[in-house]
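Biologist: I would like a close look at the interior of this protein, meaning its packed cores and the empty space around them. Please take it slowly and connect the parts as you go.

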Amino acid sequence: RELAEGGGLAKQLSFPTDKCVEVAPFNGRPANTFNFDKVFYDPSTTQEDIYELAAKQSIEDVISGYNSTIFAYGQTGAGKSFTMFGPDIVVPELKGIIPRSCMHIFQHIASDTEGTEYTIKCSFLEIYKEIVRDLLNPSSNGTKGLRVREAPNKGVWVDGLHEAYVTCEVLDLIKQGESQRATSSTAMNATSSRSHSLFILTLHQKTRDGSTKEGRLNLADLAGSEKVGKTGATGDTLEEAKKINQSLSALGNCINALTKAKVAHVPYRDSKLTHILRESLGGNCKSTLLVACSPHVFNLEETVSTLMFAKRAKTIKNSVKVNKQRSVEELMS
């Protein structure tokens with residue numbers, strides 16, 4: 001499609017370093033420079049490269065007792081699901097961030113020599129047309145989906161969401177959940193995700209002296225923003241696109257509010273996505289945003305919009321702490 005529309009790599013994009021994207025003037029837009037922690041612009045970049053440089057530290061943070069979130073955001077067909085899940089979650093070179101994260105945690109547990117007790121529980125949900133659906137226990141969803149609840153002493157949670165305690169079968173859970181996820185074919189993507197998915201892993205650790213710590217890992221594969229004129233969406237697919245864009249707009253509104261001084265209200269409740277992940281946006285969480293962009297001139301407008309979104313999001317400041325409870329022995333020493 002991109003080639004048929006006169007595509008090719010956009011000459012307006014350049015990469016002076018592996019942390020910078022420069023956009024030359026086009027269509028009345030001025031030149032712009034975007035600085036990030038890392039820019040993967042080389043087509044030979046591997047799944048392992050991305051994990052090592054963009055995700056590995058987040059998993060180490062969870063092991064240390066922090067909450068971490070990794071978002072994948074961008075235009076439809078730009079490679080978000082490829083990055084988060086990979087085309088195959090078992091083949092080593094094809095695995096994405098989610099299966100690699102799980103294996104990283106299990107490798108840490110296997111190499112532990114301190115006698116720490118580990119408990120891992122996982123949940124997997126999707127937000128489809130603003131309805132929260134359990135991907136591990138679809139029979140519990142009903143017609144209206146699951147409710148998002150909030151309480152001052154507990155924070156935000158999804159009522160009735162299945163939590164599976166796992167030992168080593170986590171890849172089977174991922175496969176099970178992925179098979180239930182809503183997808184559809186569009187002119188931009190043969191297997192377009194029509195929902196946001198969120199894989200949640202909670203790692204609880206108890207040491208020999210009785211102290212405990214707990215880290216929560218949120219791995220979000222967001223549905224892609226799309227222009228209906230390009231995707232050719234009609235009928236149900238069009239309605240899905242409207243809800244996707246509406247939800248992503250709500251995410252953008254939250255980020256805008258968080259990056260402005262003296263804003264009294266952040267509209268977390270405007271979408272299920274931002275409500276569920278409110279701690280990841282300005283709260284007790286170390287958050288990483290992966291933005292997937294097309295380098296083709298056919299998609300240049302969307303690419304620049306995505307870069308602008310990432311630039312704003314990078315200025316958000318979260319307030320994080322280790323989720324640890326000291327033992328009596330520690331407190332008395």
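Modeller: What follows goes from the whole chain to the main core, and then to the second core, the cysteines, the cavity and a pocket.

The model is a predicted one, and its secondary structure comes to nine helices and 15 strands. Of the 333 residues in the chain, 46% are buried. Among the contacts in the chain with a separation of 6 or more, 67% are made by residues 24 or more positions apart. The accessible surface comes to about 16700 Å², and carbon and sulfur atoms account for 49% of that area.

The largest nonpolar core has 35 residues, and M84, I97, F199 and L201 are the ones with the most contacts inside it. At least two residues of this core are supplied by each of the helices α1 (47-63), α3 (97-111) and α4 (170-180), and also by each of the strands β4 (68-74), β5 (117-128), β9 (164-166), β12 (196-206) and β13 (212-221). The largest share, seven residues, comes from α1.

Two of the residues with the most contacts deserve a closer view. Leaving aside residues up to four places away in sequence, M84 touches I70, A72, G96, I97, I98, P99, L219, A220, D221 and L290. I97, for its part, lies in helix α3 and counts as buried because its relative accessible area is 1%, where the cut-off is under 20%. With the same exclusion of residues up to four places away, I97 touches I50, Y51, A55, I70, T83, M84, L219 and L290. Reading the two lists together, I70, L219 and L290 are touched by M84 and are likewise touched by I97. I97 can also be placed relative to S81, which is 16 residues away in sequence, with 9.6 Å between the two C-alpha atoms.

A second, separate core has 30 residues, and F71, I127, L222 and C254 are included in it.

The cysteines come next. C254, a member of the second core, is buried, with a relative accessible area of 0%. C122 is buried as well, again with a relative accessible area of 0%, but C122 is in no disulfide, and the nearest cysteine sulfur, that of C102, is 5.9 Å away. A disulfide requires two cysteine sulfur atoms within 2.5 Å, so this distance of 5.9 Å does not qualify. A search of the whole structure finds zero disulfides.

The empty space can now be added to the picture. Rolling a probe the size of a water molecule over the atoms shows where such space is left. The structure holds one cavity of 30 Å³ or more, and the volume of the largest cavity is about 50 Å³. Its lining consists of I127, Y128, K129, E130, R194, S195, H196, A223, K243, I244 and S247, with β5 and α6 (235-258) as the elements that give two or more residues. The largest share of this lining, three residues, comes from α6. One of the lining residues, I127, is also included in the second core.

Two other residues of that lining, K129 and E130, have an unusual backbone feature. Most residues other than glycine have a negative phi. K129, however, has a positive phi, near 50°, and E130 has a positive phi as well, near 65°. K129 lies in the loop between β5 and β6 (131-134), and E130 lies in the loop between β5 and β6 too. As for their exposure, K129 is partly exposed at a relative accessible area of 30%, whereas E130 is buried at 18%; the cut-off for buried is under 20%, so the two residues fall into separate classes.

Besides the closed cavity there is open space to describe, for about 840 Å³ lies in the second largest pocket. This pocket is lined by 28 residues, and those nearest its centre are N67, K154, V156, W157 and R216. The elements that give two or more residues to its lining are β5, β8 (155-158), β12 and β13. Of these, β5, β12 and β13 each also supply at least two residues of the largest core.

One last residue belongs to the approach to helix α1. T46 is found in the loop between β3 (32-35) and α1, and T46 counts as partly exposed at 36% relative accessibility. Its C-alpha atom is 7.6 Å from that of E93, although the two residues are 47 residues apart along the chain.

Notes:
Residues numbered from 1 in each chain as written. Predicted model: local features only at pLDDT ≥ 70, side-chain atom pairs only at ≥ 80, totals over all residues. Heavy atoms only, no water. Core = buried A, V, L, I, M, F, W, Y, C linked by side-chain atoms within 4.5 Å. Buried < 20%, exposed > 50% of the residue type's maximum accessible area, 1.4 Å probe, protein only. Helix = DSSP H or I, 4+ residues; strand = E, 2+ residues; numbered from the N terminus. Contact = heavy atoms within 4.5 Å. Areas by Shrake-Rupley, 256 points an atom, 1.4 Å probe, with all protein chains shown as cover. 1 Å grid on protein atoms, 1.4 Å probe; cavity = no way out; pocket = protein on both sides within 12 Å on 5 of 7 lines; lining within 4 Å. Points joined across faces, edges and corners; volume = space filled by probe spheres on them.
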